[in-house]
Structure formats: structure tokens, C-alpha cells
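Thanks for coming, everyone. I have a few slides on charged side chains and backbone angles. Let's put the structure up.

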Amino acid sequence: QVQLVESGGGLVQAGGSLRLSCAVSGRTLSTYGVGWFRQAPGQDRVFVASISWTGTLPRHADSVKGRFTISRDNAKNTVYLQMNRLKPEDTAVYYCAGRVPGAAEYDNWGQGTQVTVSS
């Protein structure tokens with residue numbers, strides 16, 4: 001059974017930084033694509049960033065491009081989301097999700113971690 005567990009969320013002032021971690025168990029990360037999504041109160045869950053199972057082709061949503069960076073450490077079976085220059089509008093529950101190569105949909109999701117950015 002594949003499990004994804006997020007950590008690293010918290011309360012930070014605008015302009016600050018946080019690094020989220022997504023620890024993957026039950027599957028070798030080198031054969032798994034991982035994405036980050038977020039959901040603000042009253043809003044739909046939206047894409048933030050993704051990285052392919054090879055570690056190439058990182059993608060970032062326009063709203064976070066230049067501020068957030070996704071990376072992976074296959075030796076630790078962990079994917080990271082470095083978030084810099086945080087804004088109040090980044091406040092949301094952040095989820096990581098996994099999918100096998102070639103799959104269109106993410107089929108395994110973590111429980112989420114809260115990120116709150118104060119102004």
C-alpha cells in the first residue's frame with residue numbers, strides 16, 4: 001500500500017519561507033511521479049507543482065513560479081516543496097499526490113498540511 005505523508009506546514013509571516021516534505025512509502029520514488037496541490041477555504045483544490053518519476057520536467061503553476069521549487073530525493077523517498085516569498089494568498093492546506101508513469105490521474109493522496117501566511 002502506497003502512503004504519502006506531508007509535513008513542514010505552519011504559520012509564517014508574509015515574505016517568509018517554508019519547506020514542505022512528502023514522504024512516500026510502499027513504492028520506490030524513482031518509479032513514481034509526485035505533485036503538490038493546495039486548497040484554500042471555500043475553494044477548489046488546485047495544482048501547485050509536479051515532478052516526474054525521472055526527476056526531470058518540474059512544473060510550477062504560474063501563481064507560484066519563481067517563488068516555489070519542487071525537488072525530490074530518491075534516496076530518501078521524499079519530495080520537497082520549497083516555498084519562498086510567501087504571500088497571504090498562499091494560505092491553504094497543501095497536499096501531495098502520486099501517480100505511476102503514464103497515468104493521467106493521481107491516485108494516492110496524503111492527508112494534507114496547513115500553511116498559514118499572515119500579513
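R38 is buried, and D90 is buried too. Keep in mind that this is a predicted model. Now look at what these two residues do together. R38 and D90 form a salt bridge. Their closest N and O atoms are 2.9 Å apart. Where do the two partners sit in the chain? R38 is in strand β4, residues 33-39. D90 is in the loop between β8 and β9. The two are 52 residues apart, so this pair links distant parts of the chain.

Stay with D90. D90 has another salt bridge, this one with R67. Here the closest N and O atoms are 2.7 Å apart. R67 sits in the loop between β6, residues 59-60, and β7. D90 is in the loop between β8 and β9, so the pair ties together parts that are 23 residues apart in sequence.

Why does D90 count as buried? Because its relative accessibility is 1%, and the cut-off for buried is under 20%. R67 passes the same way: its relative accessibility is 6%, so R67 counts as buried. Put the pieces together. R38, R67 and D90 form one network, joined by salt bridges that share partners.

How many salt bridges are there in the whole structure? A search finds three. You have met two of the partners of D90, R38 and R67. The remaining pair to show you is D62 with K65. Their side chains meet in a salt bridge at 3.1 Å, N to O. Buried or exposed, these two? Both D62 and K65 are exposed. Contrast that with R38 and D90, which are buried.

Next, the backbone. Please find N77. Its phi is near 55°. That is a positive value, and the residue is not a glycine. N77 is in the loop between β7, residues 68-73, and β8, residues 78-83. Why do we call N77 buried? Its relative accessible area is 17%, and buried means under 20%, so N77 falls inside the cut-off.

Now R85. Its phi is near 45°, again positive in a residue other than glycine. R85 lies in the loop between β8 and β9, residues 92-99. That loop should sound familiar: D90 is in the loop between β8 and β9 as well.

To recap, D90 pairs with R38 and with R67, and the three residues make one network. N77 and R85 have positive phi. Thanks for listening.

Notes. Residues are numbered from 1 along each chain as its sequence is written. This is a predicted model: local features need pLDDT of at least 70, side-chain atom pairs count only at pLDDT 80 or more; totals for chains, interfaces and linings use all residues. Side-chain values use heavy atoms; hydrogens and water are left out. Helices (H or I, at least four residues) and strands (E, at least two) are DSSP runs, numbered from the N terminus. Buried means under 20% relative accessible area, exposed over 50%, partly exposed in between (1.4 Å probe, protein chains only). A salt bridge is a side-chain nitrogen of Lys or Arg within 4 Å of a carboxyl oxygen of Asp or Glu.
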